[in-house]
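Before reading on, take a moment to look over the chain shown here, following it slowly from one end to the other. The paragraphs after it move from the surface to the overall layout and then to a single helix.

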Amino acid sequence: MSQAREAVFDEATVERRLKEELPHWRLEDGWIRRTYKTASWKGTLMVINTVGHLAEAAWHHPDLTASYAWVEVRLMNHAAKGITEKDFLLAKKIEEVVAWQPGAEGGALEGTPGDPRFAYIKYEK
């Protein structure tokens with residue numbers, strides 16, 4: 001593990017990169033944030049567990065706030081006291097996994113049924 005302090009991006013760079021790379025994320029109060037809307041508490045817990053697994057594997061831990069039908073993920077590099085490349089890389093991985101829609105890709109992994117009893121996450125259009 002690297003002991004060197006990572007470079008912190010200025011606000012303009014963070015805003016530009018979010019717009020280009022993570023359009024559903026926003027910069028607010030020094031954190032990059034994303035709120036995932038879920039279909040129910042079950043979906044909320046699944047998002048939390050997914051984010052937890054990815055964060056632990058990356059050894060970079062977000063702050064989470066959750067309610068019945070949403071989860072907010074907040075990333076900031078605590079050691080560097082700002083937004084670093086680590087935050088962008090973990091945000092991209094979270095976005096890739098949580099927003100994945102296998103049914104939209106075609107193939108053997110068809111995705112969850114359209115029946116609301118099986119709804120998991122409310123996908124962005």
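How much area does the chain expose, and what share of it do carbon and sulfur atoms supply? In this predicted model, the chain exposes about 7800 Å², and 56% of that area is supplied by carbon and sulfur atoms. The chain also carries 17 positive and 19 negative side chains, and the centres of these two sets lie 3 Å apart.

Turning to the layout, you can find four helices and four strands in the chain, and if you read along the sequence they follow the pattern α-β-β-α-β-β-α-α. Taken along the principal axes, the C-alpha atoms fill a box of roughly 50 × 25 × 25 Å. Of the 125 residues in the chain, 34% are buried. Among the contacts with a separation of 6 or more, 63% are made by residues 24 or more positions apart.

Helix H3 is a good place to look in detail. It covers residues 85-98, which is 14 residues, and from its first C-alpha to its last it reaches 20 Å, close to the 20 Å expected at 1.5 Å a residue. The buried residues of H3 are Asp87, Phe88, Leu90, Ala91, Ile94, Glu95 and Val98, a list in which the acidic residues Asp87 and Glu95 appear alongside Phe88, Leu90 and others. What covers these buried residues of H3 includes two helices, H1 (11-21) and H2 (41-58), together with two strands, E2 (31-37) and E4 (70-75).

Notes
Residues are numbered from 1 along each chain as its sequence is written. This is a predicted model: local features need pLDDT of at least 70, side-chain atom pairs count only at pLDDT 80 or more; totals for chains, interfaces and linings use all residues. Side-chain values use heavy atoms; hydrogens and water are left out. The expected span of a helix is 1.5 Å times one less than its number of residues. Buried means under 20% relative accessible area, exposed over 50%, partly exposed in between (1.4 Å probe, protein chains only). Contact means heavy atoms within 4.5 Å. Accessible areas come from the Shrake-Rupley method with a 1.4 Å probe; for residues, only the protein chains shown count as cover. Lys and Arg count as positive and Asp and Glu as negative; His and the chain ends are not counted. The place of a charge is taken as NZ of Lys, CZ of Arg, CG of Asp or CD of Glu.
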